[in-house]
Amino acid sequence: MAQDLSEKELLKMEVEQLKKEVKNPRAPISKTGKEIKDYVEAEAGNDPLLKGIPEDKNPFKEKGGCVIS
């Protein structure tokens, strides 16, 4: 799609995107980094990647084998 647009149209799209992005609220990483770290540590007990999934609740558990003869 972008290949079909002229350079002027591409620049106009970029300006519109930048206008949207400038309205986003920003916060310093010194504050947000601590908040993310605290959240991750608080939710670590519920994270299946860290604690695993019980075999009876695992939707990806092999249900049976396949034999080709």
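Biologist: What pLDDT does the protein average?

Modeller: This is a predicted model, and 97% of the residues score at least 70. Taken over the protein, the average pLDDT comes to 88.

Biologist: Which element of the protein has the highest mean pLDDT, and which has the lowest?

Modeller: Among the elements, helix α3, covering residues 48–51, has the lowest mean pLDDT, which is 85. The highest mean, 95, belongs to residues 7–22, that is, to helix α1.

Biologist: How many helices and how many strands does the secondary structure contain?

Modeller: Read along the sequence, the pattern of the protein is α-α-α. The secondary structure therefore comes to 3 helices and 0 strands.

Biologist: Is the protein a compact globule, or is it more spread out than one?

Modeller: For 69 residues the globule rule gives 11 Å, whereas the radius of gyration of the protein is 24 Å, well over that value. The C-alpha atoms fill a box of roughly 60 × 45 × 15 Å along the principal axes. Because its radius of gyration is well over the value from the rule, the protein is more spread out than a compact globule.

Biologist: What percentage of the 69 residues count as buried?

Modeller: A residue is called buried when its relative accessible area is under 20%. The accessible surface of the protein comes to about 7,100 Å², and 59% of this surface belongs to carbon and sulfur atoms. Of the 69 residues, the share that count as buried is 0%.

Biologist: How far apart in space are the C-alpha atoms of Gln3 and Arg26?

Modeller: Gln3 is found in the segment before α1, and with 68% relative accessibility Gln3 counts as exposed. Along the chain, Gln3 and Arg26 are 23 residues apart, and their C-alpha atoms are separated by 32 Å.

Biologist: Which residue meets Lys19 in a salt bridge?

Modeller: Side chains of opposite charge can pair when their charged atoms come close. The partner of Lys19 lies 3 residues away in helix α1, a separation of about one helical turn. Lys19 is partly exposed, at a relative accessible area of 46%, and its partner is partly exposed too, at 37%. With an N to O distance of 3.9 Å, the residue that meets Lys19 is Glu16.

Biologist: Which residue forms a salt bridge with Asp38?

Modeller: Asp38 is partly exposed, with a relative accessible area of 34%. Its partner also lies in helix α2, 4 residues apart from Asp38, which is about one turn of the helix. The closest N and O atoms of the pair are 2.9 Å apart, and the partner is Lys34.

Biologist: Does Lys34 count as buried or exposed?

Modeller: Lys34 has its place in helix α2, and the cut-off for calling a residue exposed is a relative accessible area over 50%. Because the relative accessibility of Lys34 is 53%, Lys34 counts as exposed.

Biologist: How far apart in space are Lys34 and Glu62?

Modeller: In sequence, Lys34 and Glu62 are 28 residues apart. From C-alpha to C-alpha, the distance between Lys34 and Glu62 in space is 40 Å.

Biologist: What accessible area do Ile36, Tyr39 and Val40 have together?

Modeller: Ile36 lies in helix α2, which covers residues 29–43, and at 53% relative accessibility Ile36 counts as exposed. Together with Tyr39 and Val40, Ile36 forms a nonpolar patch on the surface, and the accessible area of these residues together is about 340 Å².

Note on methods: Residues are numbered from 1 along each chain as its sequence is written. This is a predicted model: local features need pLDDT of at least 70, side-chain atom pairs count only at pLDDT 80 or more; totals for chains, interfaces and linings use all residues. Side-chain values use heavy atoms; hydrogens and water are left out. pLDDT is the predictor's confidence in each residue, from 0 to 100. Helices (H or I, at least four residues) and strands (E, at least two) are DSSP runs, numbered from the N terminus. Patches are made of residues with over 30% relative accessible area and no salt bridge: like charges are joined within 9 Å, nonpolar side chains (Val, Leu, Ile, Met, Phe, Trp, Tyr) within 5 Å. Accessible areas come from the Shrake-Rupley method with a 1.4 Å probe; for residues, only the protein chains shown count as cover. A salt bridge is a side-chain nitrogen of Lys or Arg within 4 Å of a carboxyl oxygen of Asp or Glu. Buried means under 20% relative accessible area, exposed over 50%, partly exposed in between (1.4 Å probe, protein chains only). The radius of gyration is taken over C-alpha atoms; the globule rule is 2.2 Å times the number of residues to the power 0.38.
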